[in-house]
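Student: Could you walk me through this structure and show how each label is earned?
Tutor: Gladly; let us put the values beside the cut-offs.

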Amino acid sequence: MKLISFFLRRLCFVSTILVVISGLASGQRVLPFKNGDKVVFMGNSITDGGHYHSYIWLYYMTHFPNMRINIVNAGIGGDVCKQMLERLDDEVFSKKPTVMTFTFGMNDTGYQYYAPAKADSAYNAKVEESLKYFKLVEAELNKYSEVKKIMLASPPYDETSKIKFAPLVKKNAAILRIVAEQQKAAKRNNWGFIDFNTPLLQINRRGQQNDSTFTMESPDRIHPSNDGQMVMAFTFLNAQGLAGRKVADISINAKDKKVGKAENCSLLNLTAGAGHISFDYLANSLPYPLDTIPGGFGKPARSQSDALKLIPFTDEYNQEILVIKQLNSTATYQLKIDNSFIGEWTGAGFDKGINLALITTTPEYQQALAVMHLNEERWSIERRLREYYWIQYSILKPKGLLFNDSESTADSLQKYGKKDFFVAITFPTYQKARFKIVRDAWQKEMVLLTDEIYGVNKPKQHHFEITLSQ
C-alpha cells in the first residue's frame, strides 16, 4: 500500500508539472509577486470561501519575510462572468491593484440535469452566453494596462466520483470550453494563465483508482476542500517558478570544523570537538506551517496538511535541511536549539540530513505557526466582509437595493431568509456589517493583523548544539 501511495503521488506530481509547463507555453509567464504588490483575486464561491489565495500569501509571508505584499479576496458565491463584469470597478480596480486574477466557469455552466443526448446543445448555449460577457471583461481589463492579469482556469466539476450526489453529465467539458477561451485571451493579451482544472481532475482520477468515492471537490462535486485548495496554491506557486527554493540548507563537516554549505541562511560561531558541535543560525526564511485542523467545504472536512498525501509540497517548498558530516555513524546524538531538546538521531541520520521544517517543536516552526494563525484570523475577518458583499451583489442588487442598508432592508432580508437557507445563515453577519463603522473596524483589524504578521515573521537567530546522547 505504501508503494502504491508513493506511486500515485509521483504520478500526480508529474501531471501537475506537465500542466503548468503547458499553461505557461501558451500564455505569459506568471512572474512571482514582488515587494509592494497588491493582488486582487476575482472569482466565485471557490474564491469567496476558499483558502488558496490565503495559502499562497502564507508562503510569501514565511519564505519572503522582508517582502511585503497584500492579497485581497474579491470572490462572490454564485457569480457568473456577467456579474463579475459588473463588479470589476468596485471590487477590483477601485482597490488599485498591481496584479489581479480572474476565474469563472463553474456557475456559468449551470446546475441543471440534462439527458446525455441534450447536454451538448444545452451547454453550448450557456457557454456562448458566458463568453459573450467575457469579451466585455477582456475589453475592460485592457483599459488598465498597468495591472498585470492572470487567468485562472476553474477547478473541475467532478463527474466521476461514486458518491451519492448524482453528477451533472458533461458539465466539466463545458467548463473546459470556457478555460480554452481564457487561455486564448491570455495568449493574445500577454496575460498569465494557470490551469487549476487539469491537476485536480487528474488527482481525482488517480485517487478514484483505489477509492471510487475519492474527490477533491467535496460532496457537492464543486468546491475543493482545504487540501484541494492547497493543491491549487501549490499549482499557482509552481507557475510562478518558485519550486525548489529552500527555507535553508546547512552542511557542516564535524571533523574539519568547516561549513560546507549555508544556503539562504548564515552560520556563526561554529565550534566542534569530541562529540559536540555548536553554532548560531539565522535563516532568511521560515518553514511553511500547515494547518492540521479539518475545515473548508464539505463533509468529512479535510485539512490543509492532508494535501501532503497528494502533492510533493515538502520536497519542493518546505526544506530546512541540516547535515552534519563525519560523526560516528552508529552513535546517537541529540539536537538542542536555544537549549531546548528537539530530537535524537544517529550520526548516519545527521549525515543523510534532517528536515527541520517537519519538526513542529523548533522555534522556527513555532514562529511560523504564529504567522499562520494570524493569517487565519485575518482570513476569517475578510470572510465576514465577503458575506456582506454577497448579500449586496447576489440578493440586494437584483432588487435595486445595492448598498441600501436601511432597517427596512434588514427586516426584508430576515423574512426572505425563511425561504432561502444561504440568506438565513449569512444574515447575522449582515446585521453587523450593514453599519459602515463596523465594516471600517473590521478593515482596520485586518490591517493591524497584517502589520503584526510582517512584524513577527522576521527570522531570529538561534543557537544549535549537537551532542552525544548519554
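Tutor: This is a predicted model, and a good place to start is the cluster that ring pairs build from Phe33, Phe41, Tyr52, Tyr59, Tyr60, Phe64, Phe196, Phe234, Phe236, Tyr288, Phe313 and Tyr317.

Student: How many aromatic pairs are there by this rule?
Tutor: The count is 28 aromatic pairs. One of them joins tyrosine 388 and tyrosine 389.

Student: What makes the pair of tyrosine 388 and tyrosine 389 edge-to-face?
Tutor: The ring centres of tyrosine 388 and tyrosine 389 are 5.1 Å apart, and pairing asks for centres within 6.5 Å. Their planes stand at 75°, while edge-to-face needs over 60 degrees, so the label fits.

Student: Why is the pair of phenylalanine 421 and phenylalanine 422 called edge-to-face?
Tutor: Here the centres lie 5.6 Å apart and the planes meet at 75°, so the pair of phenylalanine 421 and phenylalanine 422 is edge-to-face.

Student: Are these residues buried or exposed, first tyrosine 388 and tyrosine 389, then phenylalanine 421 and phenylalanine 422?
Tutor: Tyrosine 388 and tyrosine 389 are both buried, a word kept for under 20% relative accessible area. Phenylalanine 421 and phenylalanine 422 are both exposed, which calls for over 50%.

Student: How do you know that the charged end of arginine 87 sits over the ring of tyrosine 393?
Tutor: The charged end of arginine 87 is 5.9 Å from the ring centre of tyrosine 393, and the distance limit is 6 Å, with a further limit of 35 degrees from the ring normal. Arginine 384 lies over the face of tryptophan 442 too, at 5.0 Å from the ring centre.

Student: Let us zoom out. How many helices and strands does the chain have?
Tutor: There are 14 helices and 14 strands in the chain.

Student: Why is the chain called as compact as a globular protein of that length?
Tutor: Its radius of gyration is 25 Å, close to the 23 Å expected from the globule rule for 470 residues, so the chain is as compact as a globular protein of that length. Of those 470 residues, 55% are buried.

Student: What makes strand S7 and strand S13 edge strands?
Tutor: Four strands form an open sheet in the order S7-S6-S10-S13, with mixed pairing. Strand S7 (258-263) and strand S13 (354-355) each pair on one side only. Within this sheet, strand S6 and strand S10 run parallel over 6 bridges, and isoleucine 250 faces leucine 322 in S10.

Definitions and conventions
Residues numbered from 1 in each chain as written. Predicted model: local features only at pLDDT ≥ 70, side-chain atom pairs only at ≥ 80, totals over all residues. Heavy atoms only, no water. Phe/Tyr/Trp six-rings, centres within 6.5 Å; stacked < 30°, edge-to-face > 60°. Buried < 20%, exposed > 50% of the residue type's maximum accessible area, 1.4 Å probe, protein only. Helix = DSSP H or I, 4+ residues; strand = E, 2+ residues; numbered from the N terminus. Rg over C-alpha atoms; globule rule 2.2 N^0.38 Å. Pairing = 2+ DSSP bridges.
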